[in-house]
Amino acid sequence: IELLRDKSRSNNIWNKAGITVPENITINDHNDLMRAFNNFGSEIWIRETIGAAGRGSLSRPTYEEALAHIDSRNMWGHTVAAQHLGDSQNTITWQSIWYNGNLVVAQGRKRLYWAFANRAQSGVTGLTGTGVTINDSNLDDLAILCIKASDSEPHGIFSVDFTYNQHGIPNPTEINIAKFFTTHHFITKTGCNMPDILVRLAFGEYDEPFGLLNPCESEMYWIRGIDIIPILKHHYEIDEKVSEYKKM
């Protein structure tokens with residue numbers, strides 16, 4: 001838990017395991033910040049090492065903006081600068097449950113956009129606007145590799161975040177350890193009730209197969225907002241509605 005909640009430490013683990021990750025520089029003082037800007041130039045991403053919802057993140061700031069930001073939040077020593085991955089909108093999450101080193105179930109989901117992205121300088125708010133279920137065996141393999149590199153015998157909830165770089169390669173950015181994603185009800189409504197599976201595992205009542213990958217139907221969209229109930233729609237339903245509007 002202590003390893004994975006620290007984005008800098010987990011990044012180092014994945015880098016040593018040969019997994020593609022953005023270069024990171026820990027910002028302890030002004031010299032580190034200047035070195036980061038010399039390395040990354042304008043294509044720089046800054047974030048706090050611990051925290052959710054894009055805490056302390058800046059996308060392509062100037063040196064003066066970054067300096068003022070770190071100073072104002074007293075972020076020295078728990079901030080990293082990283083090579084900007086290019087597309088914060090092209091992100092994948094991979095939610096999974098493990099039991100004594102064995103994968104029980106996992107489901108991939110693509111995020112189409114961050115809700116209220118224009119309220120944050122970085123565009124990242126931690127609030128998924130609309131997500132869609134996916135089934136990507138290559139991503140499954142990569143997520144498992146990231147988890148196994150962090151824990152040789154994973155046990156419990158491991159939820160992996162990926163962002164794609166300019167070359168279309170998914171980079172792990174963090175693993176949400178011991179907790180489901182906020183949108184876990186999306187996966188439940190689509191056919192895989194992971195909280196129920198977790199409880200049955202805890203009480204020794206789970207008698208279904210292990211190693212279940214992407215059990216939910218692909219291209220199911222979970223459309224969310226504030227003060228509204230989320231709705232679940234298949235891709236074809238959305239296409240039909242778009243066609244209707246075009247005829248109006």
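Which strand gives the largest share of the lining of the largest pocket? Strand 9 does, with 4 residues.

This is a predicted model, in which local features need pLDDT of at least 70 and side-chain atom pairs count only at pLDDT 80 or more, while totals for chains, interfaces and linings use all residues. Residues are numbered from 1 along each chain as its sequence is written, and side-chain values use heavy atoms, with hydrogens and water left out.

**Stop 1: the largest pocket**

Select Gly54, Trp114, Val124, Asp161 and Glu174, the residues nearest the centre of the largest pocket among the 40 that line it. The space in this pocket is about 740 Å³. A pocket is an open set of points on a 1 Å grid over the protein atoms alone, with protein on both sides within 12 Å along at least five of seven lines; a lining residue has an atom within 4 Å of a point. Grid points are joined across faces, edges and corners, and a volume is the space filled by probe spheres set on the points.

Now colour strand 2, strand 4, strand 5, strand 6, strand 8 (156-164) and strand 9 (170-177), each of which supplies at least two residues of this lining. Strands (E, at least two residues) and helices (H or I, at least four) are DSSP runs numbered from the N terminus. By class, the pocket lining divides into 14 nonpolar, 15 polar and 11 charged residues. Ala, Val, Leu, Ile, Met, Phe, Trp, Tyr, Cys and Pro count as nonpolar, Asp, Glu, Lys and Arg as charged, and the others, Gly among them, as polar.

**Stop 2: the cavity**

Next select Thr93, Gln95, Arg109, Phe181, Thr183, His184 and Ile187, which line the largest cavity. Strand 5 and helix 5 (184-189) are the elements that give two or more residues to this lining. A cavity is a set of grid points where a 1.4 Å probe fits but cannot get out. The structure holds 1 cavity of 30 Å³ or more, and the volume of the largest is about 30 Å³. Its lining has 2 nonpolar, 4 polar and 1 charged residues.

**Stop 3: from strand 5 to strand 12**

Select strand 5 (91-99) and strand 6 (102-114), which pair in the antiparallel sense over 9 bridges. Two strands pair if DSSP finds at least two bridges between them. Ser96 stands opposite Ala106 in strand 6. The hairpin of these strands has 2 residues between them, and Asn100 takes a positive phi near 50° there.

Stay on Ala106 and add Leu213, its bridge partner in strand 10. Strand 10 (residues 212-213) pairs with strand 6 in the parallel sense over 2 bridges. Strand 6 also pairs with strand 7, in the antiparallel sense and over 6 bridges; here Trp114 has Thr128 as its bridge partner.

Move along strand 7 (128-134), which pairs with strand 11 (220-223) in the antiparallel sense over 3 bridges. Gly131 has Trp222 in strand 11 as its bridge partner, and Trp222 has Leu232 in strand 12. Strand 11 and strand 12 (231-234) are antiparallel, with 4 bridges.

**Stop 4: two loop residues**

Where does Glu219 lie? Glu219 is in the loop between strand 10 and strand 11. Glu219 has a relative accessible area of 39%, so it counts as partly exposed; buried means under 20%, exposed over 50%, and partly exposed in between (1.4 Å probe, protein chains only). Not counting residues up to four places away in sequence, Glu219 touches Val132, Thr133, Lys233, His234 and His235. Contact means heavy atoms within 4.5 Å. Glu219 and Lys233 are 14 residues apart in sequence, with their C-alpha atoms 8.6 Å apart.

Then select Asn90, in the loop between strand 4 (79-83) and strand 5. Asn90 is partly exposed because its relative accessibility is 22%. Leaving aside neighbours within four places in sequence, its contacts are Lys110, Phe162, Thr163 and Tyr164.

**Stop 5: the open sheet**

Finish with the open sheet of 4 strands, which has the order 1-4-2-3 and antiparallel pairing. Its edge strands, each pairing on one side only, are strand 1 (24-26) and strand 3 (58-59). Strand 2 (44-48) and strand 3 pair over 2 bridges, and Trp45 has Ser59 in strand 3 as its bridge partner. Add helix 2 (30-40), which lies across strand 1, strand 2 and strand 4 and runs at about 165° to strand 1. Axes are lines fitted to C-alpha atoms, for helices over the stretch in contact, and angles run from 0 to 180 degrees between N-to-C directions.
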